[in-house]
Amino acid sequence: MKSLAELGLTAQGGAEVQITGLAVDSREVKPGFLFAALPGAQVHGGEFIQYALRMQAAAILTDAKGAAIAATELGQSNAALIIAEDPRQTLAQTASLWFGPHPATVVAITGTNGKTSVSTFCRQIWEEMEIAGVNLGTTGVEGAWTHPLKHTTPEPVTLHRVLAEARQNGITHVAMEASSHGLDQRRLDGVMLAAAAFSNFSQDHLDYHKTFAAYFDAKMGLFKRVLSEDGVAVVNLDDPKGPEVADICTARGQEVITVGHYKDARLRLNAQRFDATGQDLLFTWQGKSHQARLNLIGGFQAENVLLAAGLVIAAGADPDEVFDTLPHLTTVRGRMELAATRQNGAAVFVDYSHTPASVETALKAMRPHVMGRIICIVGAGGDRDTGKRPMMGAAAAQNADIVIITDDNPRSEDPATIRAAVMAGAVEAGGSDSITEVGDRAEAILRGIDQLAPGDALLIAGKGHETGQVVGDTVLPFDDVEQASVAVAALEGRI
């Protein structure tokens with residue numbers, strides 16, 4: 001148990017109680033818990049204070065609106081009431097104090113694309129240096145200790161509990177993804193970061209943030225609020241927003257490690273040479289030249305790797321030791337992952353490209369590795385940003401030779417309506433001769449693989465590491481990598 005004072009909290013009227021746990025879901029409240037009634041997109045958590053009190057919550061954390069909603073119940077209760085101007089931020093800081101110390105070194109990465117790859121490469125670099133590290137985000141907690149997660153950036157109670165458990169299990173280093181939702185909702189507040197990185201910025205999540213300005217501002221919370229002034233920022237200057245991010249960090253007094261092709265980048269990518277299985281890099285660190293082999297497909301992977309290297313250096317590692325690990329890095333699950341190869345040598349890749357920019361980047365990155373045609377299977381998710389659907393189709397049509405439009409995760413929407421929007425963008429951008437629509441995703445994958453000739457390659461975009469397809473309220477088992485392998489085996493008479 002801990003007192004409110006030990007958690008940095010002051011109740012109305014100076015009431016002091018002992019807290020036995022934290023909860024953001026009233027159904028999880030137990031006697032003595034602190035219940036955080038937070039403002040939500042649809043319903044304010046104040047509506048559930050009455051249920052938390054019935055479960056004998058000892059304290060309620062909320063804002064003025066939440067307190068007003070449950071004024072009657074609170075007036076009849078002995079529970080301590082903490083009213084905060086920003087209850088989400090207060091909860092995050094409280095959770096940090098409640099669960100105790102995190103691993104000694106934590107870094108975070110934000111950006112529209114690349115977060116999982118960069119965080120995973122950080123973990124792989126640490127592993128090669130015999131450091132007990134994990135990456136935390138979309139794919140759960142992976143590395144020297146594992147743990148499942150429901151969200152890229154979990155809500156504060158889960159996040160701080162997991163970080164504390166990681167330390168208790170011997171983890172010293174963590175690389176975590178910082179989603180725009182998580183930053184906007186203050187989920188990372190209370191995490192002490194050694195360094196933070198920015199990868200890129202393009203259209204996504206406008207169903208939540210509404211405007212590009214709000215979306216960008218949410219991401220900048222990582223540098224303006226979460227990363228302390230004595231932390232180190234690692235910034236991709238190749239992205240149009242990169243210089244602006246660097247200026248924001250410099251204005252706060254943070255040390256900045258710039259990464260990219262720019263001649264004044266501290267970690268500069270000078271040249272890349274591509275072949276069928278990977279690429280060779282020539283880069284400089286603060287003016288000193290280095291060369292490394294990457295067994296990774298896609299030019300953008302070099303940017304992700306160097307951003308990860310910059311983060312690990314920013315967190316205190318020796319640069320030469322970091323660069324020695326690069327040839328040992330392996331493909332991140334669902335990120336330009338080689339899923340299958342046909343007997344004629346044609347390759348099938350699965351990638352989590354679910355934004356117009358990431359589809360374009362993935363296809364352009366494949367081109368130097370592919371002698372023949374590129375076939376792309378693409379779709380768009382339901383109940384999400386509708387504006388990007390035609391842009392997804394256009395990105396595929398402009399950068400692939402053959403496009404097959406199929407279902408992604410339609411969720412509650414009509415799949416045909418989603419496909420029609422993607423198709424409209426594809427046809428407008430690339431004509432209709434090389435574009436087909438196949439609603440069933442398994443059939444689309446089979447058809448795409450059936451068209452592969454020697455020298456060709458197929459990109460299955462959208463779902464990456466996911467092992468289910470969300471249709472309505474049901475999650476159907478579906479794994480793009482598995483489906484690709486099955487399709488190849490069926491077409492070649494092995495099953």
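## Salt bridges

In this predicted model, Glu492 is buried, with a relative accessible area of 16%. The side chain of Glu492 forms a salt bridge with Arg494, and the closest N and O atoms of the two residues are 3.1 Å apart. Elsewhere, Arg123, Glu127, Glu142 and Arg333 are joined into one network by salt bridges that share partners. Side chains of opposite charge can pair when their charged atoms come close. A search of the whole structure finds 25 salt bridges.

One of these pairs is formed by the side chains of Asp275 and Arg293, with an N to O distance of 2.8 Å. Asp275 belongs to strand S14 (residues 267-275) and Arg293 to strand S16 (residues 288-294), so this salt bridge ties together parts that are 18 residues apart in sequence. Asp275 is partly exposed, its relative accessible area being 29%.

A further salt bridge is found where the side chains of Asp407 and Arg419 meet, at 2.7 Å from N to O. Asp407 is placed in the loop between strand S20 (402-405) and helix H15 (415-430), while Arg419 lies in helix H15 itself, so the pair ties together parts that are twelve residues apart in sequence. Asp407 is buried, with a relative accessible area of 13%, and Arg419 also counts as buried, at 13% relative accessibility.

## Nonpolar cores

The largest nonpolar core of the model has 39 residues. Within this core, the residues with the most contacts are Leu311, Val322, Phe323 and Leu326. Helix H11 (residues 299-314) supplies the largest share of the core, namely ten residues.

Leu311 illustrates the packing in this region. When residues up to four places away in sequence are not counted, Leu311 touches Val107, Ala108, Ile109, Val118, Cys122, Ala195, Ala196, Ala197 and Val234. Apart from the largest core lies another, of 36 residues, and among them are Leu163, Val174, Ala178 and Leu193.

## Cysteines

A search of the whole structure finds zero disulfides. Cys122, one of the residues that Leu311 touches, is accordingly in no disulfide, and the nearest cysteine sulfur to it, that of Cys249, is 16 Å away. A disulfide requires two cysteine sulfur atoms within 2.5 Å. The closest cysteine sulfur to that of Cys249 is in Cys122, and at 16 Å the separation is too far for a bond.

Both cysteines are shielded from the surface by the accessibility criterion: Cys122 counts as buried at 0% relative accessibility, and Cys249 is buried with a relative accessible area of 0%.

## The region around Phe48

Phe48 is located in the loop between strand S4 (33-36) and helix H1 (49-54). Phe48 is partly exposed, with a relative accessible area of 35%. Together with Val43 and Tyr51, Phe48 makes a nonpolar surface patch of about 260 Å². Residues enter such a patch at over 30% relative accessible area, so Phe48, at 35%, passes this cut-off.

Ser26 is in contact with two members of the patch, Phe48 and Tyr51. The contacts of Ser26 also include Phe35, Ala52 and Met55, with residues up to four places away in sequence not counted. Ser26 is found in the loop between strand S3 (21-23) and S4. At 10% relative accessibility, Ser26 counts as buried, whereas Phe48 is partly exposed.

Note on methods: Residues numbered from 1 in each chain as written. Predicted model: local features only at pLDDT ≥ 70, side-chain atom pairs only at ≥ 80, totals over all residues. Heavy atoms only, no water. Patch = residues over 30% accessible without salt bridge, like charges linked within 9 Å, V, L, I, M, F, W, Y side chains within 5 Å. Areas by Shrake-Rupley, 256 points an atom, 1.4 Å probe, with all protein chains shown as cover. Salt bridge = Lys/Arg side-chain N within 4 Å of Asp/Glu carboxyl O. Helix = DSSP H or I, 4+ residues; strand = E, 2+ residues; numbered from the N terminus. Buried < 20%, exposed > 50% of the residue type's maximum accessible area, 1.4 Å probe, protein only. Contact = heavy atoms within 4.5 Å. Core = buried A, V, L, I, M, F, W, Y, C linked by side-chain atoms within 4.5 Å.
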